[in-house]
Amino acid sequence: MTQECIFCKIAAKEVPVSVIYEDKDIIAFPDMTPAAPVHVLIIPKKHIANLLEIAPDDISLMGHVLATIPKIADQLGLAKDGFRLVVNTKENGGQTVNHLHWHMLGGKIMTWPPG
Ligand code: 5GP
Ligand code: ZN
């Protein structure tokens, strides 16, 4: 837990969110500024700053996150038509919250390339 990290606070239930999915290691909740009709953030409860900070010990956690994606997509009604997963990483990637998270975006045809 990092003191000033908003996603750690969400994971610790210090800041309430509408929980889309939760288990002992991860939590998913709606993005407060949705960029698509469906925009959910999926985070490990453990504080990992970004993709570059994943340690060997985190590998099974990362596998667990990815293995849970179909369940969350199904629950959100995104499995049939698909969705986009995004992990913004550091400044050039547009990362604004330094706690690893996956954006799940769907409910419309997403454009490519991104800006
Ligand atoms: P990033 O820009 O780091 O890839 O994504 C951070 C995302 O977190 C942004 O889309 C932003 O809207 C969302 N966000 C930031 N603070 C909060 C919060 O307190 N609650 C929720 N639900 N989303 C947040
Ligand atoms: Zn954190």
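## The second largest pocket

In this predicted model, the second largest pocket encloses a volume of about 300 Å³. Its lining is made up of 18 residues, and those that lie nearest its centre are Phe-7, Asp-31, Met-32, Leu-41 and Val-97. Two elements, helix 1 and strand 2, give two or more residues each to the lining of this pocket, and helix 1 gives the most, with 3 residues.

Sorted by class, the lining of the second largest pocket contains 11 nonpolar residues, 6 polar residues and 1 charged residue.

## The ligand in that pocket

The second largest pocket is also where ligand 1 sits. A shell of 16 residues surrounds ligand 1, and the closest of them are Pro-30, Asp-31, Asn-88, Thr-96 and His-103. Asp-31 therefore deserves a second look when you turn the structure, as it is listed among the closest residues to ligand 1 and also among those nearest the centre of the second largest pocket.

Helix 1, which spans residues 6–11, and strand 2, which spans residues 26–30, each supply at least two residues of the shell around ligand 1. The largest share of that shell comes from helix 1, which provides 3 residues. By class, the shell around ligand 1 holds 8 nonpolar, 7 polar and 1 charged residues.

## Polar contacts and cover

Where do oxygen atoms of ligand 1 meet polar atoms of the protein? At the side chain of Asn-88, an N or O atom is 2.8 Å from an oxygen atom of ligand 1, while at Thr-96 a polar backbone atom is 2.7 Å from an oxygen atom of the ligand. The side chain of His-101 takes part as well, with an N or O atom that is 2.9 Å from an oxygen atom of ligand 1. On its own, ligand 1 has 510 Å² of accessible area, and the protein covers 84% of it.

## The largest pocket

The largest pocket holds about 360 Å³ of space. It is lined by 17 residues, and the closest to its centre are Arg-84, Val-86, Asn-88, Leu-105 and Pro-114. Strand 4 (83–86), helix 3 (90–93) and strand 5 (102–106) are the elements that give two or more residues to this lining. By class, the lining of the largest pocket divides into 7 nonpolar, 8 polar and 2 charged residues.

Asn-88 links the two parts of this report, since this residue is among the closest to the centre of the largest pocket and its side chain also has an N or O atom 2.8 Å from an oxygen atom of ligand 1.

Methods
Residues numbered from 1 in each chain as written. Chains lettered and ligands numbered in written order. Predicted model: local features only at pLDDT ≥ 70, side-chain atom pairs only at ≥ 80, totals over all residues. Heavy atoms only, no water. Near = heavy atom within 4 Å. Polar contact = N/O pair within 3.5 Å; in protein donor to acceptor, adjacent residues only side chain to side chain. Areas by Shrake-Rupley, 256 points an atom, 1.4 Å probe, with all protein chains shown as cover. 1 Å grid on protein atoms, 1.4 Å probe; cavity = no way out; pocket = protein on both sides within 12 Å on 5 of 7 lines; lining within 4 Å. Sits in = over half its atoms within 2 Å of the grid points. Helix = DSSP H or I, 4+ residues; strand = E, 2+ residues; numbered from the N terminus. Nonpolar A, V, L, I, M, F, W, Y, C, P; charged D, E, K, R; others polar. Points joined across faces, edges and corners; volume = space filled by probe spheres on them.
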